[in-house]
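Visitor: Please pick one part of this protein and take me through it slowly. I am new to reading structures, so a connected tour would help me most.

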Amino acid sequence: MIVRIASGITGFDNLTMAGGEIGLGLGGLPENTVTLIYGPPEVGKSYFCHGFAYYGLTQDEPCLYLTTDLGINEISENFKEMELVLDEYLENKMLYVVDTSDNGESTTYDWYQSASVRNPTDILVKVTSGARSISQKNPRLRGVIDSLTTILESNNEMLIVRVLKTYILRLKEAGGTAVITYTEGSSDPRTEILIKSMADNIIKLNGEKITIEAMKGMGRREATYQITGKGIIIDGNDD
């Protein structure tokens, strides 16, 4: 049986249950895998990341969060709007942030590192260091990259593909389960194919439907969803 971890997304874990697991609460994302969440802009990709990261924190699973678009203060405000408060988890060093946004802080803390989106090597060093630090204290962690698109736009695409491959390797070695967001059509089609090939699970959001295109242990599934003040809510399985 494939071990899955609860996603924190309302309705998602029910959608991902196998036939024999219905009612057993065994849905979610396969453990120690990487899930690519892709689709057009403004369809809820970041909301998925927020829910995934926060639920893990409530279960004593630390999170390594690489943000490229929003600074830590903006992320905290977004969480507050969803009635989710990060302060306790930042203070307890459960949430480790690598911030490459233009709105990042200049100060460095144990739980916060800033980096330039145009320096993928430095980003990888800081992410690897964070994963190592977290894994020494906890055998299970969650990873988020939101979003890969900004890094691709600021660097040579093939370089980022190599960096992403190393990131995935390091995170899995640390016992991590990761979610990575990407805006569909924002890079060369060949690059997009390579990115998808590195993910264990592929999920598309289009603003109305969530489609699980690939996931370990199950076939394609689809459902409608809504974006609310508290995040993504998946209505049910349409298949």
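**A buried serine and its surroundings**

Guide: Let's start with Ser76, which counts as buried because its relative accessibility is 11%, under the 20% cut-off. Keep in mind that we are looking at a predicted model. Ser76 lies in helix α3, and leaving aside residues up to four places away in sequence, Ser76 touches Leu86 and Leu90.

Now follow helix α3 itself, residues 72-81, since α3 supplies at least two residues of the lining of the largest pocket. The helix α2 (45-58) and the strands β8 (176-183) and β11 (221-228) each supply at least two lining residues as well. The largest share, four residues, comes from α2. The pocket has a volume of about 440 Å³, and 22 residues line it. If you want to find its centre, look for Glu42, Lys45, Ser46, Tyr47 and Asp146, the lining residues that lie nearest to that point. As for the character of the lining, 10 residues are polar, seven are nonpolar and five are charged.

One more stop concerns a pair of helices. Helix α7 (residues 157-173) packs with helix α8 (residues 189-198) at an angle of about 5 degrees, and their axes are 11 Å apart. Angles under 35 degrees count as roughly parallel, so α7 is roughly parallel to α8. On the α7 side, Glu157, Met158, Val161, Leu164, Lys165 and Ile168 make the contact, while α8 brings Thr191, Leu194, Ile195 and Met198. Those contact residues divide into seven nonpolar, two charged and one polar.

How values were computed: Residues numbered from 1 in each chain as written. Predicted model: local features only at pLDDT ≥ 70, side-chain atom pairs only at ≥ 80, totals over all residues. Heavy atoms only, no water. 1 Å grid on protein atoms, 1.4 Å probe; cavity = no way out; pocket = protein on both sides within 12 Å on 5 of 7 lines; lining within 4 Å. Points joined across faces, edges and corners; volume = space filled by probe spheres on them. Nonpolar A, V, L, I, M, F, W, Y, C, P; charged D, E, K, R; others polar. Axes fitted to C-alpha atoms, helices over the stretch in contact; angles between N-to-C directions. Parallel < 35°, antiparallel > 145°, perpendicular 65-115°, else oblique. Contact = heavy atoms within 4.5 Å. Buried < 20%, exposed > 50% of the residue type's maximum accessible area, 1.4 Å probe, protein only.
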